[in-house]
Amino acid sequence: MVSVRSAFRNRRGVLAAGLAFVLLAPLPLRAEIGPGDLTLTVTPERNGNADPFSREMVLLRIHGVYRQPILLEEVIQPSLANFSWTQLGRDAWSKTRLPDGQVAIAFDRVVAIFPHHPGDFTIDPFLHRLTVNDGGKRVVVDVPSAPVTLPVATWTKPVGGPDAKEPWWLPAKDVTITDSWSPDPETVKLGETTRRIVTLEAQGMVAEGLPPRPVMRTRGILTFAGPVTRETLITPSGPVARVTYQWDVRPAIEEIIPLDAIVIPWFDTVSRTLREAEIPARQIGGGLPDRDDEAKPVLAASPIVVASAAVTAFGLGLALLGFGSGGAGRRRLDGRTRRALRRAATARDPRAFRAALAPALQGDPDLARAWRRQPDIAAGLDALDRSLYAPGAPETQGPGPDLAGLAAGLSRPVRMPPTAAHPPDRLAPLDGSAAPRR
């Protein structure tokens, strides 16, 4: 962990004449400095109210309350042995009203520290050296904080931990991953290139603690690693670390190439448990046949072709009139929906799978009924709905849906049953030629 140097180092004269003009004017001049007029506290913010592990971030919130007008100031920080540290953001100065109704000056600084190893440590006092107006005189006063004890716990679980070489130690309050491709990897042909950008965000840590770029390697592709960018965002609830990984991917074989999911373990500092985030699995290729069929241009038919089609349709109509509608047709999901189902199945995302299937279930009741007559598809749909909507914990809901198998089943052509004959019309013809009643 690299400490911030010049950007956030304490310097004399930070609050020179400008600060004195802004913060001195509203405060009444005091004849002398009394007990409690100048106070400085340092409070460690422990994640989950537990002792931190090595390399886990702890926030030190430094807070000063000063009744006296301040002319100059300087924070003298202890050595922080056994810790790496970095200041988060700039110092904050504000006015605050005390319980007795008086107005005072408030000072706030946040420092993130990272213990190097387990043990019981004491953080020495911070010192705020103030030049104040004491009854019309410039007086230099040192305001110390109290020492702070900070135990650092030892990792005792059999796997992971801050000292393990693998996996990377990632302690955070929350971790999210976004994965984007341009163009869609399923549309990429042999020799073409698609760019993959993965962004990982971790709440409650700084960017230097995020893992290096993961390895994306599989048979049949060429990968070219791009730059890695890191940044730390300062928010009211604490820092948010962000890293972006980039690859250019090119297929080298004319086959569908599966890319396995990449699992990133991390330690939840709130629940104090190990968890996993995942860069989703994808596939390269495999979407072109459907796209080619849909993208074929509509060619203008010649007069001969039109005439032949008309004769064929007329003959087919005569056949249907003469022999009934005993032949059953086939129906199939459109290519766009089939591709959406495959993508959701590859990503193991049942919610996206259900959203892609919803238009077909609602817009084509005959096709939905035909699926329900197939036991494997009906069971898959029931498992899908149960995983999304059934109450209770996942382990009480039975086996999860096989999204890949369900996508394959739903993508097959379905033979539709013959339509039922229309019931006889019980109303008399309008011309009055109905048969007489008996």
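User: Before we look at helices, what counts as a contact here, and what share of contacts joins residues at least 24 apart?

Analyst: Contact means heavy atoms within 4.5 Å. In this predicted model, take the contacts between residues at least 6 apart in sequence: 74% of them join residues at least 24 apart. The protein has 8 helices and 22 strands, and buried residues make up 38% of its 438 residues.

User: Let's take α5. How many residues does α5 have, and what does α5 reach from its first C-alpha to its last?

Analyst: Helix α5 covers residues 350-363, which is 14 residues, and reaches 20 Å, close to the 20 Å expected at 1.5 Å a residue.

User: Where does α5 bend?

Analyst: The bend, about 40°, is at Leu 357, with Pro 359 following within four residues. At the N-terminal end, Asp 349 acts as a cap: one of its side-chain oxygens lies 3.2 Å from the backbone nitrogen of Arg 351.

User: Which residues of α5 are buried, and what do they pack against?

Analyst: A general idea helps: an α-helix has 3.6 residues a turn, so residues three or four places apart point the same way. In α5, the buried residues are Phe 353, Arg 354, Ala 356, Leu 357, Ala 358 and Ala 360. They pack against α4 (335-346), α6 (365-372), α7 (375-389) and α8 (403-411).

User: At what angle do α4 and α8 pack?

Analyst: Angles over 145 degrees count as roughly antiparallel. Here the angle is about 170°, with the axes 8 Å apart, so α4 and α8 are roughly antiparallel to each other. Residues making the contact include Leu 341 and Ala 345 of α4, and Ala 407 and Leu 410 of α8.

Terms used. Residues are numbered from 1 along each chain as its sequence is written. This is a predicted model: local features need pLDDT of at least 70, side-chain atom pairs count only at pLDDT 80 or more; totals for chains, interfaces and linings use all residues. Side-chain values use heavy atoms; hydrogens and water are left out. Helices (H or I, at least four residues) and strands (E, at least two) are DSSP runs, numbered from the N terminus. The expected span of a helix is 1.5 Å times one less than its number of residues. The bend at a residue is the angle between axes fitted to the seven residues ending there and the seven starting there. Buried means under 20% relative accessible area, exposed over 50%, partly exposed in between (1.4 Å probe, protein chains only). A polar contact is a pair of N or O atoms within 3.5 Å; within protein, one must be able to donate a hydrogen and the other to accept it, and residues adjacent in sequence count only if both atoms are side-chain atoms. Axes are lines fitted to C-alpha atoms, for helices over the stretch in contact, and angles run from 0 to 180 degrees between N-to-C directions. Angles under 35 degrees count as roughly parallel, over 145 as roughly antiparallel, 65 to 115 as roughly perpendicular and the rest as oblique.
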